[in-house]
Amino acid sequence: MSMPAVKTDAAMTALPVASAPVVTMTPKRAPQSEKYIKMAREAAVRVVPPLIVVALLLVVWELICRRAGSALPPPSRVFSDTRELIFDPFFDHGGIDKGLFWHLSASLQRVAYGYSIAAIVGIALGTLVGQSVWAMRGLDPLFQVLRTIPPLAWLPLSLAAFRDGHPSAIFVIFITSVWPIIINTAVGIRNIPQDYRNVAAVVQLNPLEFFTKIMIPAAAPYMFTGLRIGIGLSWLAIVAAEMLIGGVGIGFFIWDAWNSSHISEIILALFYVGIIGFVLDRLIAGLAKIVTRGTAVN
Amino acid sequence: MQAYLKLDHIDKTFTRGNATTEVLKDINLTIDKGEYVSIIGHSGCGKSTLLNIVAGLTGATRGGVLLENREVNSPGPDRAVVFQNHSLLPWLTVYENVKLGVDKVFARTKTRAERDAWVMHNLNLVQMAHAKDKRPNEISGGMKQRVGIARALAMEPKVLLLDEPFGALDALTRAHLQDSVMALHQKLGNTILMITHDVDEAVLLSDRIVMMTNGPSARIGEVLEVPLARPRKRLELATNPGYLKCRQRVLEFLYERHRFVEAA
């Protein structure tokens, strides 16, 4: 993946000075190839700087940690130690001795459950609070207090209530991600312009039509802000929660690796956790972009 | 003859905490079917409030609105509004914006194909059929207002309410749209109630001009008949003595007898 990008950049960096006058003088002769060159150049501008920084960091890390007696392994040893985990993520030796794929998918599943419930409940409650002054007066102070409780503080309580690790983890995900969804949805609903309400009144939309045709699209940009914060928080919370409840999951994988002093495995797991968190965030952002096509501009 | 639309002794007061402001005082007005009536007044005199009361978006404190002898006090498609800032829903296309009202009003009386044809018919009336798949932010301000007019017309309202429909447009676009509205009125014979603060616009378009005094407690100061034959032509009217006389009357009312006094 990274090699071609670096190559393109090497080619690009040499080009600009020489090609700049050519671009202006022969715009019609090769518009297609010019376009590709421009696209490649833009991609290179985005991809190359982070690659260089990562490479530099790896070098520095290698230099610092390669000495004998260093507490953390250098990147070269991380790679050699976790070779099997990297190249065979699908093994399953029973119990919790599974490949990283299974751990990650177990964690993602919990997040999917907890987050879906949070999205539904959050949008419903947010709509209620945004629409009704009395609901806001009654519920908002409660939300403001509850949302400051750290996710893990809910875990013992939910373990006591559910008497099982799995639903408790899902509950922790839910309770962590629901607040930003509620609050942002409520703000979005409250900010629906009076004009749109007037239009709905003149056309005589019934409450259900008003909800689906006016409220949801008008408040969608706000809702997605909440949903995006929510997915980030739930991914933060799942790792911590799984460390405590045990079983299959990336959180307990990290904790287990620590208990058996496999520091390299921890580093590899952190890498995956970061990448997946990033992908989740992008997914919601991409979804937001598709759904709010019309509204985001205004 | 019975009045088609009747504004009967309308008072409107706004109360905020202990402060009460009387905005409108004893508004009486009757409008015949097919008539084009403008309400003109300085800003803040409550003319938009009056239109909102007719539309049913705001309630009157006393008095009421009668349409064909039946009281109306909630909004409905029989009194479609063209809003000043177009109020098109930005996530719907031009076609879908018009369809929203059509689907509700003709849910039972027209088939799906008929409704589709009706939407296109109304977009054609305002010459916007070519942009039916565009979103509001992809078309100009004048075009948006055309779509707003199409949306209102498509509901087949008994009364068409125009709330300073051309206020946000540049002068050339405004003239163009005024001509369009005149042509539509000529063709369809709608009953129209328009709010405006533009004297020329009021004289050019209206059969009668209702002049409001300054608020608070704004009243109808004077009602002026505009005895100009239709169809009216903007350029010919510029030198027409009747037109100039009407214009003079409105200007005198607004700038001599009821000058706008800036609140200190």
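In this predicted model, G17(B) adopts a positive phi near 65° within the hairpin formed by strand 1 and strand 2 of chain B, where two residues lie between the strands. This turn is a convenient place to enter the fold of chain B, and the description below follows the strands outward from it.

The two arms of the hairpin, strand 1 (residues 5–16) and strand 2 (residues 19–31) of chain B, are paired in the antiparallel sense, with nine bridges between them. One pair of facing residues is K6(B) and T30(B), the latter in strand 2 of chain B. Strand 1 of chain B is also joined to strand 4 (residues 62–67) of chain B, and here five bridges connect strands that again run antiparallel. In this pairing D11(B) stands opposite R62(B) of strand 4 of chain B. In general, strands of a sheet pair through backbone hydrogen bonds, in either a parallel or an antiparallel arrangement.

Taken together, these pairings belong to an open sheet of four strands in chain B, ordered 2-1-4-5 and antiparallel in its pairing. Strand 2 and strand 5 (70–72) of chain B occupy the edges; each has a single partner strand, so one side of each lacks a neighbour in the sheet. From one strand to the next, the twist averages 35°. Helix 1 (residues 47–55) of chain B packs on this sheet and touches strand 1, strand 2 and strand 4 of chain B. The direction of helix 1 of chain B makes about 115° with that of strand 1 of chain B.

Further along chain B, E236(B) is found in helix 7 (residues 234–237) of chain B. Is E236(B) buried or exposed? With a relative accessible area of 56%, E236(B) is exposed, because the cut-off for that class is over 50%. Its C-alpha atom is separated by 25 Å from that of F253(B), a residue 17 positions away along the chain.

Chain A can be described in terms of its overall make-up. Its secondary structure comprises 12 helices and zero strands, and read from the N terminus the elements run α-α-α-α-α-α-α-α-α-α-α-α. Of the 298 residues in chain A, 37% are buried. Among the contacts in chain A with a separation of 6 or more, 68% are between residues 24 or more positions apart. The exposed area of chain A is about 17200 Å², and carbon and sulfur atoms supply 70% of that area.

Technical notes:
Residues numbered from 1 in each chain as written. Chains lettered and ligands numbered in written order. Predicted model: local features only at pLDDT ≥ 70, side-chain atom pairs only at ≥ 80, totals over all residues. Heavy atoms only, no water. Buried < 20%, exposed > 50% of the residue type's maximum accessible area, 1.4 Å probe, protein only. Contact = heavy atoms within 4.5 Å. Areas by Shrake-Rupley, 256 points an atom, 1.4 Å probe, with all protein chains shown as cover. Pairing = 2+ DSSP bridges. Axes fitted to C-alpha atoms, helices over the stretch in contact; angles between N-to-C directions.
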